[in-house]
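Trainee: Could you take a close look at one part of this predicted model for me? Pick a short stretch, tell me which way its residues face, and then follow the contacts outward from there.

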Amino acid sequence: MSRDKNKTRIQKYGAGLRRFSVMLAALTMTGVPVIPAGAAEPVKVPAQARAMSAAELYVLYRNKTWQWPDGAGRMQEKDRTFIGWSGSGNDTRWAEGRWVLSDTGLMCLKAEWHGVQTKQANKTCFRHRIYEDTIYQKKEPSGSWYVFKHAKAADSDEFKKLIAEDTVSAQLAKLQPFTQQADAKQQPFSAQAPNGTN
């Protein structure tokens, strides 16, 4: 192979890696884990597996906190509210929105993520299939299937990171004033008097 062709291949490979890095950084910025910690090994889902129903997903996630490596998300039963946080220091973000279910096995987190001087709407979806009490999950649209919960739950299952305790609300109470103060400092001064005053 000539040096010119080899150089071109290396440049294309480098450009592809840069695009992937930018995409990964954008996904991570939203706070939702890109690849759950328990999803190390992709698996083949049995052909007999079926999509979980909205009712099954509701029971699975209702009033649960999903613990992430650097944050957590809470799926509250009331009004199907979703709250979450992720990151640390100036990269800490918090979210408010809803968790949405479908009979096609989808559970989506639709929320607005807030950081210091940033706000971004995001929708992250996970597809679920079940066969003989084993639940398979993948992040949509391009994640790999993995075992979310074995028929006899294993300690390494991502399912084990769903806990009943609300560890998110207290964290949001700390983060919201911090980001709102930073946003207020960035607002331009208005010389116009409030309505009803002279």
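**A close look at H2 and what follows it**

Mentor: Let's start on the outside: Ala 55 and Val 59 are exposed, on one side of helix H2. Turn the helix around and you find the buried residues of H2, which spans residues 54-61: Leu 57, Leu 60 and Tyr 61. Those three cover an arc of only 80° around the axis, and that puts them on the same side of H2. There's a bit of textbook geometry behind this sort of pattern: an α-helix has 3.6 residues a turn, so residues three or four places apart point the same way.

Now step off the end of the helix. Just after H2 comes Asn 63, in the loop between H2 and S2. Its phi is near 55°, which is positive even though Asn 63 isn't a glycine. As background, most residues other than glycine have a negative phi, and most peptide bonds are trans. As for solvent, Asn 63 has 30% relative accessibility, so it counts as partly exposed.

While we're on backbone oddities, there are a couple further along. Asp 133, in the loop between S7 and S8, also has a positive phi, about 70°, and is not a glycine either. With a relative accessibility of 54%, Asp 133 is exposed, because the cut-off for that label is over 50%. Then the peptide bond from Glu 140 to Pro 141 is cis, with omega near 5°. You'll find Pro 141 in the loop between strand S8 (134-140) and S9.

Back to the helix, because one of its buried residues leads somewhere. Tyr 61 belongs to an aromatic cluster together with Trp 66, Phe 126, Phe 148 and Phe 159. Ring pairs are counted here when their centres lie within 6.5 Å, and by that rule the count comes to eight aromatic pairs. One of them is Trp 66 with Phe 148, an edge-to-face pair at 6.0 Å centre to centre with 85° between the planes. Trp 66 sits in strand S2 (residues 64-68) and Phe 148 in strand S9 (residues 146-149), so this pair ties together parts that are 82 residues apart in sequence. Both Trp 66 and Phe 148 are buried.

A second pair also involves strand S2. Trp 68 and Trp 113 make a tilted pair, 6.5 Å centre to centre with 35° between the planes. Here Trp 68 of S2 is linked to Trp 113 of strand S6 (residues 106-115), 45 residues away along the chain. Trp 68 has a relative accessible area of 8%, so it is buried, and Trp 113, at 3%, counts as buried as well.

A few charged side chains get in on the act with aromatic rings too. Lys 149 lies over the face of Phe 159, 5.5 Å from the ring centre, and Phe 159 is one of the cluster members mentioned above. Elsewhere, the charged end of Arg 80 sits over the ring of Trp 99, 5.3 Å from its centre.

Strand S6 has one more tie to offer. The structure holds one disulfide, between Cys 108 and Cys 125, with the sulfur atoms 2.0 Å apart. Its S-S torsion is about 110°, so the disulfide is right-handed. Cys 108 lies in S6 and Cys 125 in strand S7 (residues 118-131), so the bond joins parts that are 17 residues apart in sequence. Cys 108 and Cys 125 are both buried.

To place the stretch in the whole: the protein has three helices and ten strands, and along the sequence they read α-β-α-β-β-β-β-β-β-β-β-β-α. Buried residues make up 35% of the 198 residues. Among contacts between residues at least 6 apart in sequence, 48% join residues at least 24 apart.

Last, a word on how far to trust the picture. The mean pLDDT is 79, with 69% of the residues reaching 70 or more. Residues 12-31 fall below 50, and beyond near neighbours in sequence that stretch has 14 contacts in the model. Over residues 182-198 pLDDT also stays under 50, and there the model shows six contacts beyond four places in sequence.

Key
Residues numbered from 1 in each chain as written. Heavy atoms only, no water. Buried < 20%, exposed > 50% of the residue type's maximum accessible area, 1.4 Å probe, protein only. Helix = DSSP H or I, 4+ residues; strand = E, 2+ residues; numbered from the N terminus. Arc of directions from axis to C-beta. Phe/Tyr/Trp six-rings, centres within 6.5 Å; stacked < 30°, edge-to-face > 60°. Lys NZ or Arg CZ within 6 Å of the ring centre and 35° of its normal. pLDDT = per-residue confidence, 0-100. Contact = heavy atoms within 4.5 Å. Disulfide = S-S within 2.5 Å.
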